[in-house]
Amino acid sequence: MATSTKSLPKTGMRGGPKPGRPNGNGSPNGNGHAFTPRFSASRYRIGMWVAMAAILMMFSALSSAYIVRAASSNDWRSLAVPPTLWVSTLLILVSSVSLEIARRKLKTNRTNSTRLWFWISAALGIGFLASQIFAWRSLVRQGIYVATNPHSSFFYLLTATHAVHLFGGLLALLYLAMRKQPKAGDDLAMAKGQAAADVTTLYWHFMDVLWIYVFFLLFFWK
Amino acid sequence: MSAETHEVHRHPAPTGFIRKYIFSLDHKVIGIQYIILALAAVLVGMTMSVLMRLNLSWPGTSWPILETLFPAGAPGGVMSPEFYLSLVTMHGTIMVFFVLTTAPQGGFGNYFLPIQIGAEDMAFPVLNMMSFWVTLVGFIVILAAIVVEGNPAIAASIGASLGGASGGTVGPIGGWTGYAPLSAVGLPAGPGQGAGMNLWIVSIAIFCIGSLLGALNFITTLLNMRTRGMTLMRMPLTCWAWFTTAVLALLSFPVLLGGGILLLLDRTVGTSFFVPGGLVFGSTVMNTHTGGSPILWQHLFWFFGHPEVYIAILPGMGATSHILSTFARKPVFGYRAMVFAIFAIGLLGFFVWGHHMFISGMSPYSAMTFSILTLSIGVPSAVKTFNWLGTLWGARIRFTTPMLFAIGFVSLFVAGGITGLVLGQSSLDLPMHDTYFVPAHFHLVMGVASIFGMFAALYFWFPKMFGRFMHEGMGKFHFWITFIGVYCIFVPMHTMGMVGMPRRFAQFTEYEFLKSLHPLVVFVSISAIVTVLVQFLFYFNVIWSVFKGKKADDNPWEATTLEWTTTSPPPHDNFAGVLPTVYRGPYEFAVPGAPKDYLMQTEPDIETAVAGAGNGHNGHKH
Amino acid sequence: MGRALAVIIWILTLGSVSLFFVKKWWFPTGISSHAPALDRQFLITIIVVGVAFTAAQVALGWMVWKYRERGPSDRATYSHGSNRLEVIWTIVTAVIFIGLGVMGQSVWASLHFNQAPAGAFQVEVVAQQFQWNFHYSGRDGVFGRTDPNLIDDSALNFIGLDEADPNAKDDTTHSVIAIPEGRPVELILRSRDVIHNFWVPQLRFKQDLVPGMAIRVHFTANRPGKYELACAELCGQLHFKMRSNMLVLPADEHAELMSLPQEQFQTRIGELLNKYPLPPNN
């Protein structure tokens with residue numbers, strides 16, 4: 001076959017299919033190929049990263065509002081750190097570790113202990129939310145409400161927004177903990193379970209880092 | 001193909017009516033649902049624009065029908081100023097969100113992105129379905145804002161529980177930008193600041209969530225589900241446009257959502273994010289707020305608002321490139337430059353929001369930076385225009401209705417976009433800001449040009465979506481009147497702006513210097529009414545063609561991309577169980593030596609296609 | 001079809017351009033010291049815009065006219081583009097567009113990068129829904145204290161002027177702005193309620209009045225007369241009626257006006273409003 005490419009400009013945009021492309025579909029059988037039920041874990045990973053980008057943008061917007069608002073007027077009264085927030089921080093850090101253990105155990109198929117670790121992580125997550133609610137209630141007891149001053153407004157807003165997002169992660173954790181174990185040899189179900197665990201863990205770590213960021217912004221930046 | 005491979009489906013085709021047409025997971029059905037939503041929303045928005053034009057040209061005239069429909073907003077049939085301003089607000093909001101964001105992306109993008117990249121559906125069909133239904137809820141909420149404020153009886157009962165309503169308007173007052181503190185302090189600021197404004201914010205927040213779900217799906221689908229051989233640089237330009245649009249939506253809607261939450265808190269809980277202290281409305285001193293920053297809202301809004309402009313127009317650009325090439329029977333000129341230009345527009349779009357705020361009181365130094373960046377965004381826009389002209393150069397144009405609209409898009413994009421050179425300069429914004437020059441500019445470029453892109457897309461893809469053509473005669477008549485009409489509506493608005501006519505005035509009767517413009521105002525209104533009337537012919541054409549249109553085969557336009565390799569309309573999984581393999585770029589028209597004047601992306605060996613010609617072999621070995 | 005479309009595109013182009021060219025509807029004559037430079041910048045920009053617009057539309061019409069399909073075997077030129085052309089037109093448009101933007105900065109800089117010159121005539125502007133209030137410092141040149149809590153519309157104290165402040169004794173307020181001819185004017189812009197915008201077309205100047213902020217801007221008006229003042233930022237129900245007048249007065253007439261106490265000040269402004277006609281309407 002002649003391989004001259006000069007007579008047609010821009011042949012780089014044509015040419016044959018490149019082999020071995022990682023696109024979730026595909027089997028190399030000529031022109032056209034059937035799609036197989038092969039499960040694409042990367043799809044869920046990509047989706048989660050994209051979703052986290054959106055959440056990050058929202059927190060960036062609220063943070064920039066926080067920074068601008070703090071600098072724009074002299075009505076800012078900084079709150080003291082509610083002590084329970086340290087407990088929250090500890091709980092969510094530990095939950096990240098326990099979830100990571102669960103995820104790795106799932107990979108090696110030690111199913112019974114995996115379930116336990118999911119439950120531990122979910123319990124720690126619930127503990128975090130309880131601790132947050134406790135912190136709000138202690139502020140309310142001191143007479144500090146959402147509209148009391150700009151710092152309290154941002155405190156409630158940022159912690160609540162974080163809590164709502166974390167609650168979504170918590171539902172996923174509970175799903176993982178309660179999910180029926182796939183039968184041995186059901187590769188598809190195994191792969192789905194692993195992907196769900198991977199993606200949930202990723203999200204949970206993100207929530208963890210996001211909490212530390214929010215905590216820092218609220219009480220140590222200004 | 002072996003028989004077994006045909007039987008494999010990711011999810012089987014639904015059978016019941018509800019799963020098939022209502023709560024469908026099929027991206028094609030969801031796409032059509034989005035288009036129907038946009039067609040309904042545009043009808044509302046367009047009707048409102050006619051009402052506004054009537055009031056501007058013939059102020060004080062009694063229109064008895066108005067009194068029947070809105071007894072409080074138009075006592076004696078004469079439109080009240082607050083009625084007019086709420087029309088301004090609702091027209092802008094409905095058009096920008098529920099028309100220009102839904103139809104191009106949620107509608108056509110949903111339908112054709114998976115097919116064009118050779119996927120059997122979106123990555124997350126359930127999220128896709130939710131994205132539409134959430135958006136629909138947003139639309140219902142914004143319609144509720146009209147009712148709650150517009151009907152005195154409802155305003156009194158429901159309105160009170162939603163934050164009070166003054167009645168007498170047909171919705172909130174604030175323009176589509178909802179500047180604080182007008183939008184943030186509630187009823188003391190006057191009519192249109194009650195329950196309707198709360199619903200307006202809630203509607204937009206809901207819309208943000210729906211759009212984010214959609215954007216998540218688009219990005220993942222495009223990155224993960226391209227078929228064999230569909231490299232990034234072989235994607236149709238439509239896919240690039242939808243992808244970039246999705247990225248813009250993903251990064252900008254969360255900011256609006258955040259801002260909306262802050263605004264709602266200011267209104268309902270009494271926080272002071274945007275409301276400064278010591279405001280005085282008549283005899284009411286508002287001591288409940290302190291120290292908020294009205295400009296903060298503008299920053300948050302426009303950080304979203306400017307990318308939103310590109311969210312509206314980029315899909316139109318993609319469709320135009322695609323359709324121009326198809327009917328010019330010629331490859332897109334400078335495909336790579338087009339891709340880079342889309343990216344450049346998307347990227348720069350995030351750094352120019354300040355040009356909406358030159359006269360807001362922000363730092364004059366940042367105004368200068370925003371000004372220069374804004375003018376540089378004209379460069380990729382101009383590059384796209386040059387490439388469209390390059391595509392037509394040496395072409396063999398087939399003047400179908402979609403092609404007419406695509407050419408119209410180019411003309412209108414130039415006409416509307418180029419005055420950005422005026423408005424982008426901070427100094428020239430001093431006389432031009434908030435005059436009719438601004439609506440003239442953005443209606444032409446982001447409103448009408450985008451809509452022309454969508455008209456082109458609908459006429460073009462209708463045979464694929466419904467297996468029938470739209471009526472060409474009606475389509476062409478629709479094009480001629482609309483094309484001439486929009487020029488007649490929006491070009492005179494530029495000169496109104498130069499004279500100094502401010503936007504968002506319920507009447508121009510108060511000012512001597514505006515009186516000389518009256519003939520132009522009337523001319524614009526008549527043009528608008530004629531143009532709107534022709535759109536009803538378009539609606540008729542759509543409905544008529546679904547049932548009675550001329551039957552279309554699989555590839556009626558002799559186009560090259562993947563959607564034309566499948567049946568019209570495509571089966572549930574798009575390719576009847578066999579995904580196509582892609583061998584070449586998307587716009588191979590007029591390839592020298594080829595037997596036909598176009599090569600489909602799926603045609604495997606160019607050696608066969610160009611048999612007998614000695615001059616064309618692509619480089620790869622089988 | 002192609003020819004008809006080309007002709008329509010050209011007619012629309014001609015119509016659009018001539019609407020600007022006939023200048024029947026154009027800027028009112030500028031009266032500020034920065035207006036000539038601004039008008040020049042506008043003219044340069046609109047010429048660039050007009051030329052680019054016309055060139056693009058004429059080219060589009062020409063393509064449409066010339067390159068229609070003439071038969072089934074008639075094929076287009078096969079080309080995927082030209083990198084050289086891409087580079088050329090990217091650079092050319094970048095130079096023109098960004099060049100325009102840089103040129104436009106000088107007017108902006110002259111108005112916004114510097115403080116008002118010493119000796120500028122100061123006016124405090126307090127906008128409220130659908131009404132302008134201008135606060136003049138009177139003979140002593142010092143503004144009396146204002147406080148939002150003292151605002152009392154029924155007593156016509158729209159700006160909350162503290163009558164107890166000795167500096168406030170000779171202060172005057174009015175809904176009309178009266179400024180001296182040929183002398184820099186500094187406005188201190190405030191709003192009582194929502195965002196308003198100070199807009200006099202002849203001044204070629206516009207600035208938001210943002211509640212919670214006191215924005216200082218300056219300009220010089222060079223031609224005596226009476227001009228219409230509008231609010232150009234949506235401020236609520238009667239936004240379209242938030243109208244007032246701006247009087248630009250010869251220095252001596254202005255000085256005399258400023259020396260008057262409130263009641264005579266009001267009478268005198270009434271007389272001056274009658275004395276000066278609005279500029280002719282084109």
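What share of the contacts in chain B between residues at least 6 apart in sequence join residues at least 24 apart? That was my opening query today, and the value I found is 78%. Before going on, I noted for myself that this is a predicted model.

**Entry: confidence.** I looked up the scores next. The predictor gives the complex an ipTM of 0.96 and a pTM of 0.93. For chain C I found an average pLDDT of 93, with 100% of the residues scoring at least 70. I also wrote myself a general reminder: where pLDDT is low, the predicted coordinates should not be read in detail.

**Entry: chain B as a whole.** I went through the secondary structure and found 21 helices and five strands in chain B. The radius of gyration of chain B is 25 Å, and the globule rule gives 25 Å for 622 residues, so chain B is as compact as a globular protein of that length. I then looked at the C-alpha trace of chain B, which spans about 90 × 50 × 50 Å along its principal axes. Buried or exposed? I checked burial too: 70% of the 622 residues in chain B are buried.

**Entry: the core.** Which residues have the most contacts inside the largest nonpolar core? I found Ile219(B), Leu250(B) and Ala456(B), in a core of 346 residues. I picked Leu250(B) for a visit and set aside its neighbours within four places in sequence. In chain B, Leu250(B) is in contact with Leu212(B), Ala215(B), Leu216(B) and Ile219(B). So I met Ile219(B) again here, as a contact of Leu250(B) and as a fellow name on the core list. Leu250(B) also touches chain A, through Val50(A), Ala53(A) and Ala54(A).

**Entry: chain A.** That led me over to chain A, where I found five helices and one strand. Reading along the sequence, I wrote the pattern down as β-α-α-α-α-α. Of the 222 residues of chain A, 36% count as buried. I repeated my opening query here: among contacts in chain A with a separation of 6 or more, residues 24 or more positions apart account for 77%.

**Entry: where B meets C.** How many residues of chain B are in contact with chain C? I found 99, and they meet 93 residues of chain C. Helix H14 of chain B, residues 378-392, gives the most to this side of chain B, with nine residues. I sorted the residues of that side by character and got 63 nonpolar, 25 polar and eleven charged.

Definitions and conventions. Residues numbered from 1 in each chain as written. Chains lettered and ligands numbered in written order. Predicted model: local features only at pLDDT ≥ 70, side-chain atom pairs only at ≥ 80, totals over all residues. Contact = placed C-beta atoms within 7 Å. Helix = DSSP H or I, 4+ residues; strand = E, 2+ residues; numbered from the N terminus. Nonpolar A, V, L, I, M, F, W, Y, C, P; charged D, E, K, R; others polar. Rg over C-alpha atoms; globule rule 2.2 N^0.38 Å. Buried ≥ 20, exposed ≤ 12 C-beta atoms within 10 Å, placed from the backbone. pLDDT = per-residue confidence, 0-100. Core = buried A, V, L, I, M, F, W, Y, C linked by C-beta atoms within 7 Å.
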